[in-house]
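Here are some notes for a first reading of this structure. Please keep the sequence and the 3D view open while going through the points.

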Amino acid sequence: MPDHRIALDWSRDGGPFERGNYTKNHAIRFDGGQTLRNSSAPGDYGGDASASNPEELLLAALSSCHMLTFLAVAANRGYAIDSYHDDAVAELGKNADGKMAVVRATLAPKVAFSGDKQPTAEEYSALHARAHAACFIANSIKTAVEL
């Protein structure tokens, strides 16, 4: 299996560095060359609201993995898909050990099929169930994932 790598860079840039008073902004570079501005979550964590944050990245990885797996499962079964949209939500809270965690991720995919072969409600649900069971990001986390 191939490794997946990123490079993360943070610098104080001459600013303060004391409890609760330092920049949270950092850059994440992916193997393909894309660089993403990231920070901590805004509000209680003092992050930059215009940048992504780790909680959003976890949710994005989960949603993307589910979608890519769903597309493969649907294509393998002869369905044609025109579009896929997900308004996903991650919920922070205390886990069973009393530690802050993403305790729930809710995916809300909306899929537009085309062609003569259209799934029934049961078949649509089964496609998502199969995609969820095969999604390696969902298989890698403790967070409860709901569809």
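**Notes on a predicted model**

1. Asp13 is exposed, because its relative accessible area is 69% and the cut-off for exposed is over 50%. This residue sits in the loop between strand 1 (6-9) and strand 2 (26-30). Its phi is near 55°, which is a positive value in a residue other than glycine. Please keep in mind that the model is predicted.

2. Pro16 is found in that loop too, between strand 1 and strand 2. Pro16 counts as partly exposed, with a relative accessibility of 43%. With residues up to four places away in sequence left out, Pro16 touches Asn21 and Tyr22.

3. Next, the interior. In soluble globular proteins, nonpolar side chains tend to be buried together. The largest nonpolar core of this model has nine residues: Phe70, Val73, Ala74, Tyr79, Tyr84, Val111, Phe113, Leu127 and Ala131. Which elements each supply at least two residues of this core? They are helix 1 (54-76), strand 7 (109-114) and helix 2 (121-134). Helix 1 gives the largest share, three residues.

4. Another core lies apart from this one. It has eight residues, including Cys65, Leu107, Cys135 and Ala138.

5. Phe70 is a useful residue to select in the viewer. Not counting residues up to four places away in sequence, Phe70 touches Ile81, Tyr84, Val111, Phe113, Tyr124, Leu127, His128 and Ala131. Among these, Tyr84, Val111, Phe113, Leu127 and Ala131 are also members of the largest core.

6. Now the helix pair. Two packed helices are described by the angle between their axes and the distance between the axes. For helix 1 and helix 2 the angle is about 125°, and the axes are 8 Å apart. The two helices are therefore oblique to each other. Their crossing is right-handed.

7. Which residues meet where helix 1 and helix 2 pack? From helix 1 come His66, Thr69, Phe70, Val73 and Ala74. From helix 2 come Tyr124, Leu127, His128, Arg130, Ala131, His132 and Ala134. Sorted by class, this contact has seven nonpolar, four polar and one charged residues.

8. Is Ala131 buried or exposed? Ala131 counts as buried, because its relative accessibility is 0% and the cut-off for buried is under 20%. Ala131 belongs to helix 2. Leaving out residues up to four places away in sequence, Ala131 touches His66, Thr69, Phe70 and Val73. As for Ile81, it is 50 residues from Ala131 along the chain, and the C-alpha atoms of the two are separated by 15 Å.

9. Ala112 is in strand 7. Ala112 is partly exposed, at a relative accessible area of 28%. Setting aside neighbours within four places in sequence, Ala112 is in contact with Ala80, Ile81, Asp82 and Ser83. Ser83 is 29 residues from Ala112 along the chain, with 5.2 Å between their C-alpha atoms.

10. The last residue to check is Thr143, which lies in the loop between helix 2 and strand 8 (144-146). Thr143 is buried, with a relative accessible area of 12%. Apart from neighbours within four places in sequence, Thr143 is in contact with Val102, Val103, Arg104 and Ala105. How far apart in space are Thr143 and Asn95, C-alpha to C-alpha? The distance is 9.0 Å, while in sequence Thr143 and Asn95 are 48 residues apart.

How values were computed
Residues numbered from 1 in each chain as written. Predicted model: local features only at pLDDT ≥ 70, side-chain atom pairs only at ≥ 80, totals over all residues. Heavy atoms only, no water. Core = buried A, V, L, I, M, F, W, Y, C linked by side-chain atoms within 4.5 Å. Buried < 20%, exposed > 50% of the residue type's maximum accessible area, 1.4 Å probe, protein only. Helix = DSSP H or I, 4+ residues; strand = E, 2+ residues; numbered from the N terminus. Contact = heavy atoms within 4.5 Å. Axes fitted to C-alpha atoms, helices over the stretch in contact; angles between N-to-C directions. Parallel < 35°, antiparallel > 145°, perpendicular 65-115°, else oblique. Left-handed = near helix turned anticlockwise from the far one by under 90°. Nonpolar A, V, L, I, M, F, W, Y, C, P; charged D, E, K, R; others polar.
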